[in-house]
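Biologist: Please walk me through this model, one point at a time. I would like to have the terms made clear as we go.

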Amino acid sequence: MFLTLGVSTSCLDTTLSDDDIKLITAAEMKSILELENVQLIDVRTPKEYKEDHIFSAQNIDFMSPTFDEDITKLDKNEPVILYCKSGRRSAKCAKKMKKAGFKKIYDLEGGISKWRHSDEIEIEQ
């Protein structure tokens, strides 16, 4: 009986995973940017964005009180790639955007910190 319950719980966990939010590496992100028309969003603060950001990214501060309004300016049907410093804010942002109706969301694993240390680097300062 416990085995069945464990299997049921395991199945329940997989159905709760968000298929529409995909954690991607820097290399995967580079490929996606080359192959798809993607909205690249830096969810850090404007100060962090001004210090450096990934080429062609637009800044929408996840911590801003206008965040919910700001994301309405994006196309929900076009793929979105999100990144922050380490991946925590972008993960929260991805869930919020999923609830807002965005169809395809990518989240850069490790954020810009990991991107900086990859071979895929294209940072604007």
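Modeller: Gladly! Buried means under 20% relative accessible area, exposed over 50%, and partly exposed in between (1.4 Å probe, protein chains only). This is a predicted model, where local features need pLDDT of at least 70 and side-chain atom pairs count only at pLDDT 80 or more, while totals for chains, interfaces and linings use all residues. Residues are numbered from 1 along each chain as its sequence is written, and side-chain values use heavy atoms, with hydrogens and water left out.

Biologist: How many helices and strands does the chain have?
Modeller: Helices (H or I, at least four residues) and strands (E, at least two) are DSSP runs, numbered from the N terminus. From that end, the elements read α-β-α-β-α-β-β-α-β-α-β-α-β. The totals are 6 helices and 7 strands.

Biologist: In what order do the strands of the open sheet lie?
Modeller: Two strands pair if DSSP finds at least two bridges between them. The pairing in this sheet is parallel, and its edge strands, β1 (21–24) and β4 (58–59), each pair on one side only. Across the 5 strands, the order is β1-β6-β5-β2-β4.

Biologist: Which residue of β6 is the bridge partner of I81?
Modeller: Strand β5 (residues 80–83) runs parallel to β6 (residues 105–108), with 3 bridges between them. One of the matches has L82 partnered with D107. For I81, the partner in β6 is Y106.

Biologist: And on the β1 side, which residue of β6 does K22 stand opposite?
Modeller: β1 and β6 are also parallel, joined by 4 bridges. In β6, K22 faces Y106.

Biologist: Which residues of β6 point the other way from I105 and D107?
Modeller: In a regular strand, side chains alternate between the two faces of the sheet. In β6, I105 and D107 share one direction, and all the residues on both sides are buried. Pointing the other way are Y106 and L108.

Biologist: What angle does helix α2 make with β1?
Modeller: Axes are lines fitted to C-alpha atoms, for helices over the stretch in contact, and angles run from 0 to 180 degrees between N-to-C directions; contact means heavy atoms within 4.5 Å. Helix α2 (residues 26–35) packs on the sheet and touches β1, β2 (39–42), β5 and β6. Its direction and that of β1 make about 115°.

Biologist: How wide an arc do the buried residues of α2 cover?
Modeller: The buried residues of α2 are A26, M29 and I32, and they pack against β1, β2, β3 (53–54), β5, β6 and α6 (111–116). On the other side of α2, E34 and L35 are exposed. Taking the arc from the directions that run from the helix axis to the C-beta atoms, the buried residues lie on the same side of α2 because they span only 115°.

Biologist: Why does I24 count as buried?
Modeller: I24 belongs to strand β1. Leaving out residues up to four places away in sequence, I24 touches M29, I32, I81, Y106, D107, L108 and E109. I24 counts as buried because its relative accessibility is 0%.

Biologist: How far apart in space are I24 and G111?
Modeller: In sequence, 87 residues separate I24 and G111. From C-alpha to C-alpha, the distance is 9.9 Å.

Biologist: Is the pair of F62 and F67 stacked or edge-to-face?
Modeller: Rings of Phe, Tyr and Trp (its six-membered ring) pair if their centres lie within 6.5 Å; planes under 30 degrees apart count as stacked, over 60 as edge-to-face and the rest as tilted. The count is 1 aromatic pair. F62 and F67 have ring centres 5.1 Å apart and planes at 80°, so this pair is edge-to-face.

Biologist: How many disulfides are there?
Modeller: A disulfide is a pair of cysteine sulfur atoms within 2.5 Å. The sulfur of C93 has its closest cysteine sulfur in C84, 8.8 Å away, which is too far for a bond. C84 is buried at a relative accessible area of 1%, and C93 is buried at 0%. The number of disulfides is 0.

Biologist: Which residues does E48 contact beyond its sequence neighbours?
Modeller: E48 sits in helix α3 (residues 46–51) and is buried, with a relative accessible area of 18%. Setting aside neighbours within four places in sequence, E48 is in contact with K85 and R89.
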